[in-house]
Amino acid sequence: QVQLVESGGGLVQPGGSLRLSCAASGRILRFGAMGWYRQAPGKQREWVATLSSDDRDSYADSVKGRFTISRDNAKSTVYLQMNSLRPEDTAVYYCHYTSGINYWGQGTQVTVSS
């Protein structure tokens, strides 16, 4: 089993920044990929970013150039640095891990509003 716990969400003004963290515990396999998804009210969950086991990152077009995904292997933690936030980034953000089986965190709310 794998457990994922997100933190770092909150309320921020447009143009501001937040850093989300996802602490992973349990049976983390080296070839797994970790990433972030988000779900806005009334919308489907959408992919945001992924970091592969060999540290290749990829991003949705809507966040490219503004968000950065990274990992601290010693802490088994993945981060999402979010800059230049927009109201349309408002959503619950979910950490995701897969090694063939998908695992999800409980989500953390990000609200971008003046």
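**Note on an all-strand predicted model**

1. In this structure, which is a predicted model, R71 stands opposite V78 in β8. The pairing to which these residues belong is that of β7 with strand β8 (residues 77–82), where six bridges join the two strands and the direction is antiparallel.

2. Strands β7 and β8 belong to an open sheet of four strands, whose order is β1-β3-β8-β7 and whose pairing is antiparallel. The edge positions are taken by β1 (2–7) and β7 (67–72), each of which has a single partner strand, so one side of each is left without a neighbour in the sheet. On average, and with direction ignored, neighbouring strands of this sheet are turned by 20 degrees against each other.

3. As a general remark for reading these pairings, strands of a sheet pair through backbone hydrogen bonds, and they do so either parallel or antiparallel. Both senses can be followed around strand β11, which is taken up next.

4. Strand β2 (residues 10–12) pairs with β11 in the parallel sense, over three bridges, and within β11 the bridge partner of L11 is T111. Strand β9 (residues 91–98) is likewise joined to β11 by three bridges, but here the two strands run antiparallel; in this case the residue of β11 that serves as bridge partner of A91 is V110.

5. The faces of β11 (residues 108–112) deserve a separate look, since T108, V110 and V112 make up a covered face, whereas Q109 and T111 make up an uncovered one. Read together with the bridges, this places V110, the partner of A91, on the covered face, while T111, the partner of L11, lies on the uncovered face.

6. Taken as a whole, the chain holds zero helices and eleven strands, and its elements from the N terminus on are therefore β throughout, while the radius of gyration of 13 Å is close to the 13 Å that the globule rule gives for 114 residues, so the chain is as compact as a globular protein of that length. Along its principal axes, the C-alpha trace spans about 40 × 25 × 25 Å.

7. Concerning burial and contacts, buried residues make up 41% of the 114 residues in the chain, and among the contacts with a separation of 6 or more, 51% are accounted for by residues 24 or more positions apart. The area that the chain exposes is about 6,300 Å², of which carbon and sulfur atoms supply 47%.

Key: Residues are numbered from 1 along each chain as its sequence is written. This is a predicted model: local features need pLDDT of at least 70, side-chain atom pairs count only at pLDDT 80 or more; totals for chains, interfaces and linings use all residues. Side-chain values use heavy atoms; hydrogens and water are left out. Buried means under 20% relative accessible area, exposed over 50%, partly exposed in between (1.4 Å probe, protein chains only). Two strands pair if DSSP finds at least two bridges between them. Axes are lines fitted to C-alpha atoms, for helices over the stretch in contact, and angles run from 0 to 180 degrees between N-to-C directions. The radius of gyration is taken over C-alpha atoms; the globule rule is 2.2 Å times the number of residues to the power 0.38. Contact means heavy atoms within 4.5 Å. Accessible areas come from the Shrake-Rupley method with a 1.4 Å probe; for residues, only the protein chains shown count as cover.
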